[in-house]
Amino acid sequence: RVIDWPAFRAEIEGIRVYDDPKQVELRSRDYFWYSPILNEQLDGVTGDLVVLPQDQDEVKRVAAAVARHRIPLTIRGGGTGNYGQCVPLEGGVILDLTRLDKIVEIGEGRVRCEAGIRISRLDDAARETGQELLMYPSTRQMATIGGFLAGGSGGIGSLRHGMLRDPGNVTYAKVVTVEREPQVIELHGDEIQKVQHAYGTNGIVTELELALTQATDWLHCAALFDGYDTALRFAQGAQEEGFDCYLLTTVERRFAPYYRKFGDLFPEDRDAVFAMVAPDEMDRFREKAERMGGRISFAMTKPEIREAGLQPAYECGWNHTTLQALKADKGWTYLQVAYPQPFDPDLVMRQMARYGDEIYWHHEMARMGGHIQIFALPLVRWRGRQAMYDLIAELEEKDGCTIFDPHAVTIEDGGMKEIDTAQIEFKKRADPYGLMNPGKTRGWTAEMARQD
Ligand code: FAD
């Protein structure tokens, strides 16, 4: 079907667009370059036009126009996703939602905001009321809250509050449908799952309500140990004993060269636990580290960290650890691993011995569905596709780990493993013509599209 672009543009007259090929290309990419497989697959894939609505009424006008002209529509927040989530496989319109950035209301224990707001701005605004977000990705600075809901899973704070999808964390979503006459659907409570981690395939989320908690002036710190197993046992113990932390991430010593700025604060002969610790918990944290033969190399407030020219602890964990290494050495790629419960540090030590220099390890302490859940985002030497899938099979079959494959573009081949039929049913309502982020869900087939 040939798209009548002049007619489409006339219908969205007055709404900001970018059609400069360089701008369009830039906004057709995300952080898929972590994966050599996706790099090859998505090379040169771009949209046709970027549209930047300023408010929710403009979003509806764009939704109506793409539905009338049957134009593929890919939503973009901060563009920090790792799996080509924002890459428009079939071209079309890229809907950049970063202008939808208003805070509607901050109340006791909750915030209502537009979906395109950057997470850092949202969290900072909550802090002005003595509250903070329950969690954010390590891309806090660039990512939007709508992108986190639709593309993320959890991160800094998940140690305390679980994953994004756990009950009570996100309480409301307003969704605009992609139809000739777009509707607004309001989702409450558990209904949010219909759009959570759906990669923007089933409706445009324009507004969200999230839970807040009382703010803490977290101390960003590192505890150093002689032995990765001790670092792991320390972090595991701190979590099990309920230490008041917002982040506990273990990073083995071979990463130290990628953390040059830290110098002696993370030397090459020690394994680190980067943490965000409540100030009144710091003494207990230090004593526990020392009892286990470790030491605290620094403990600073966020302004102190910035003043020292270092990055905050939340940029030392999750996929930021991977990023530090990838920036320095393009021979690495990575995996996402969930460990069987209960977590056994000896399994990690066996894996370290088995893979040697082929894999460098870092682990994240989190909580999922009320239980402690440990993840790893190991660096893996790129030895080709077959070697990668042999490794995935080995980690799953031999070690009982679950791999969320970051080398795949569909929701199902990545983290979710199976088709979420509730999300597909919702797509029939919210995106009846199947225009949204085509190719990203295996659950949708052309026959499902409304024919009118
Ligand atoms: P985008 O990349 O812009 O979009 C992500 C997906 O959501 C796309 O499919 C898009 O179409 C869809 N989408 C965006 N906005 C909307 C909307 N309003 N309505 C419907 N669909 C929408 N993720 C984590 O979960 N935890 C982490 O700790 C973490 N750390 C990271 C570290 C690094 C260095 C990098 C590169 C990535 C990391 N990520 C992490 C992945 C990513 O940064 C987060 O998931 C982030 O929240 C995505 O937000 P975004 O605004 O950049 O989304």
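## Burial and two single residues

A residue is called buried if its relative accessible area is under 20%, exposed if the value is over 50%, and partly exposed in between, with a 1.4 Å probe and protein chains only. By this definition isoleucine 424, at 8% relative accessibility, counts as buried. Isoleucine 424 belongs to helix α15, residues 421–430. Helices (H or I, at least four residues) and strands (E, at least two) are DSSP runs, numbered from the N terminus. Between the C-alpha atoms of isoleucine 424 and glutamate 304, which lie 120 residues apart along the chain, the separation is 47 Å.

The structure is a predicted model, in which local features need pLDDT of at least 70 and side-chain atom pairs count only at pLDDT 80 or more, while totals for chains, interfaces and linings use all residues. Residues are numbered from 1 along each chain as its sequence is written, and side-chain values use heavy atoms, with hydrogens and water left out. Histidine 188, in strand β9 (residues 184–188), has a relative accessibility of 45% and therefore counts as partly exposed. Its C-alpha atom is separated by 31 Å from that of tyrosine 31, and the two residues are 157 residues apart along the chain.

## The four-stranded sheet

Four strands form an open sheet in the order β1-β2-β4-β3, and the pairing is mixed. Two strands pair if DSSP finds at least two bridges between them. At the edges stand β1 (16–18) and β3 (73–76); each has a single partner strand, so one side of each is left without a neighbour in the sheet. From one strand to the next the twist averages 25°. Such angles run from 0 to 180 degrees between N-to-C directions, and the axes are lines fitted to C-alpha atoms, for helices over the stretch in contact.

Edge strand β3 pairs with β4 (residues 93–96) in the parallel sense, over four bridges. Within β4, aspartate 96 is the residue opposite arginine 76.

## The ligand and its shell

The ligand is surrounded by 37 residues, and the closest are Ile75, Gly77, Thr80, Thr144 and Gly154. A residue is near a molecule or strand if one of its heavy atoms lies within 4 Å of it. The shell divides into 14 nonpolar residues, 22 polar residues and one charged residue. In this classification Ala, Val, Leu, Ile, Met, Phe, Trp, Tyr, Cys and Pro count as nonpolar, Asp, Glu, Lys and Arg as charged, and the others, Gly among them, as polar.

Polar contacts are pairs of N or O atoms within 3.5 Å; within protein, one must be able to donate a hydrogen and the other to accept it, and residues adjacent in sequence count only if both atoms are side-chain atoms. Threonine 80 places a polar side-chain atom 2.6 Å from an oxygen atom of the ligand. Backbone atoms also take part: a polar one of glycine 81 is 3.0 Å from a ligand oxygen atom, and an N or O atom of the glutamine 85 backbone lies 3.0 Å from an oxygen atom of the ligand. Of the 980 Å² of accessible area that the ligand has on its own, the protein covers 97%. Accessible areas come from the Shrake-Rupley method with a 1.4 Å probe; for residues, only the protein chains shown count as cover. The elements that give two or more residues to the shell are β3, α6 (145–151) and α11 (318–328). The most comes from α6, with five residues.

## The eight-stranded sheet

A second open sheet has eight strands in the order β14-β11-β13-β12-β18-β19-β16-β21, with antiparallel pairing. Its edge strands, β14 (295–300) and β21 (402–404), each pair on one side only. Neighbouring strands are turned by 25° against each other on average, direction ignored.

Strand β12 (residues 245–251) is mostly covered, with seven of its seven residues buried. Antiparallel pairing joins β12 to β13 (residues 271–277) over six bridges and to β18 (residues 362–368) over three bridges. Threonine 249 has a partner in each of these strands: phenylalanine 274 stands opposite in β13, and glutamate 364 is the bridge partner in β18. Strand β16 (residues 336–338) runs antiparallel to β21, joined by three bridges, and alanine 338 stands opposite threonine 402.

## Threonine 333

Threonine 333 is part of strand β15, residues 332–334. With a relative accessible area of 0%, threonine 333 is buried. The side chain of threonine 333 reaches the backbone oxygen of tyrosine 34 at 2.7 Å.
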